Amino acid sequence: MLRIILATALLVIFATAITGRTDGEAAPVPTMSVNELMETVVTPATNTLWGIEDPQSDDEWQVFIDAADVVINAGQTIKVGGTGPDDNTWSASAEWQAFADRLIGAGFDAKTAAVNKDLEAMYTAGEVLYPPCEECHLQFHPDFQ
Ligand code: HEC
């Protein structure tokens, strides 16, 4: 029984990994508004990624792998939309999808860098991560500096 549960769990993780870069059926269902997601999910995770110093142990690197996963998942969620009044209008636009894809791509770059314990690549991923935030806000949330 335990083996079956484990195998199923692994399959789910694997399926998620495969569908990560596509718009497969396993799309997340948003449970909060884009704004809440930005404040409570995206901001803490990206602060972690941008605050990287010099992790040593596997556990220390794992923090950055986890933060990158959060960014990837948040990006996939905003592609679907959110519970806010304008969220689904935003997510219906091609520009929004492109910004979200860039966010997801930067999340994958950060994850690869953290898995490889490559500090230089982490800094590069951090630089790639910022422009989609700024450019998407400029278009969809222009009051935000
Ligand atoms: C695909 C577009 C998009 C991307 C990419 C994006 N954001 Fe946002 N963000 C928004 C929108 C739209 C809002 C405003 C939502 C609202 O007002 O309902 C917002 C709001 C925010 C807020 C709250 C601002 C406020 O006025 O209180 C923060 C913080 C934030 N984003 C951080 C980030 C960070 C950090 C990144 C990059 C790592 C990022 N966002 C990437 C679209 C985006």
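Two residues are in contact if their C-beta atoms, placed from the backbone, lie within 7 Å. This is a predicted model: local features need pLDDT (the predictor's confidence in each residue, from 0 to 100) of at least 70, side-chain atom pairs count only at pLDDT 80 or more, and totals for chains, interfaces and linings use all residues. Residues are numbered from 1 along each chain as its sequence is written.

Q: Leaving aside neighbours within four places in sequence, which residues are in contact with Ala114?
A: Neighbours within four places in sequence are left out here. What remains for Ala114 is Trp61, Phe64, Ile65, Ala68 and Met122.

Q: Which helix gives the largest share of the shell around the ligand?
A: The ligand is surrounded by 23 residues (C-beta atom, placed from the backbone, within 6 Å of it), and Asn35, Met38, Phe99, Cys133 and Cys136 are the closest. Two or more shell residues come from each of helix 2 (34–50), helix 5 (94–115) and helix 6 (119–140). Helices are DSSP runs of H or I, at least four residues, numbered from the N terminus. The largest share, 7 residues, belongs to helix 2.

Q: What is the mean pLDDT of the protein chain?
A: Residues 8–21 have pLDDT below 50, and beyond near neighbours in sequence this stretch has 5 contacts in the model. Where pLDDT is low, the predicted coordinates should not be read in detail. In the protein chain, 82% of residues reach 70 or more, and the mean pLDDT is 88.
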